[in-house]
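Subject: Structure for you to look at

Hi,

Here is the structure I promised to pass on. Please open it alongside this note. My findings on aromatic contacts and cavities follow.

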Amino acid sequence: MKDLLLYIHTHKPFFHPPCEWQPVLANQPVEGAELVPPAMPGVRLDEFDSFARVARQREAVHVGVCHYRRRPLFINHVHCEKPKVYAGPPEESVPVLTLPIQADSALDILKSHDVIQYRPSILKVNHREQWGMYSDPKAWTIFTGVLAGLGMGSSLGFYEQSNAHVWAGLMVCRHELFAEFTHVALNVARILMNDSDFLDLMKDEKNARVPALLLERLAPFYVFHRRLRSAFVPCVCLEPNI
């Protein structure tokens, strides 16, 4: 069993050299996964599928998932205070981000932390307010109601009190913790995709990405709810044309 595997979630071809600790997850459903499929075409749940696949595969002690255009920078992370770093062409950037020293740095961080997340951006609004600026507030109300129904209502103050925002989901941690979070995420998705009011919102094509956006908001909430020790690293944004 490997010490660390950071799986790369993708939905299109992109440049990625062979890397033993950063395997690519092709966009395909998980056979036998518990996730209820979308009730209508166009609703994107592929991020949930990727999390489910990694949770099912016991190939490493520590695991994580990141988007193919947004990568964590583990080495010297404490010396970069910016939440995001914009990189050049992927042919130049990806080989650096996949170096073995990056994996070694991640494992060093996890010796004293439960989870690695992207460094948040500090805004003047809380999570609920920020969501309402760009997405349907009704979806947020349904989402937080689901969390309360799953017994996490006591932690919902996080969304009202915190102005630290992470929009690119990243959780690198021990496999057991990753599987635990994924179980919660799939429960949330399953309830949402069986909620008639939520499905009415999904009929609007502009809301197709709402489930994935909620997954990004769920990760920092879950870290807060479980009172986990979190380390923060910069998010390297690769060129958007890959």
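Trp 140 and Tyr 159 are both buried. This is a predicted model. Their ring centres lie 4.7 Å apart with the planes at 70°, and over 60 degrees counts as edge-to-face, so that is how this pair is classed. The contact joins distant parts of the chain: Trp 140 sits in helix 5 (residues 137–152) and Tyr 159 in helix 6 (residues 157–161), 19 residues apart.

Both residues belong to one aromatic cluster, together with Trp 131, Phe 143, Phe 158, Phe 221 and Phe 224. Arg 227 lies over the face of Phe 224, 4.4 Å from the ring centre.

The count of aromatic pairs comes to 13. Another of them is Phe 51 with Phe 178: centres 5.1 Å apart, planes at 15°, so the pair is stacked. Phe 51 is in helix 1 (residues 46–56) and Phe 178 in helix 7 (residues 175–192), 127 residues apart. Both are buried.

Now the cavities. The whole structure has 3 cavities of 30 Å³ or more. The largest has a volume of about 190 Å³. Its lining comprises 16 residues, and Phe 51 turns up again here: with Glu 47, Gly 169, Leu 215 and Glu 216, Phe 51 lies nearest the centre.

Which element gives the most to that lining? Helix 9 does, with 4 residues. Helix 1, strand 3 (60–67) and helix 9 (210–225) each supply at least two. By type, the lining residues split into 8 nonpolar, 4 polar and 4 charged.

Best wishes

Note on methods: Residues numbered from 1 in each chain as written. Predicted model: local features only at pLDDT ≥ 70, side-chain atom pairs only at ≥ 80, totals over all residues. Heavy atoms only, no water. Phe/Tyr/Trp six-rings, centres within 6.5 Å; stacked < 30°, edge-to-face > 60°. Buried < 20%, exposed > 50% of the residue type's maximum accessible area, 1.4 Å probe, protein only. Lys NZ or Arg CZ within 6 Å of the ring centre and 35° of its normal. 1 Å grid on protein atoms, 1.4 Å probe; cavity = no way out; pocket = protein on both sides within 12 Å on 5 of 7 lines; lining within 4 Å. Points joined across faces, edges and corners; volume = space filled by probe spheres on them. Nonpolar A, V, L, I, M, F, W, Y, C, P; charged D, E, K, R; others polar.
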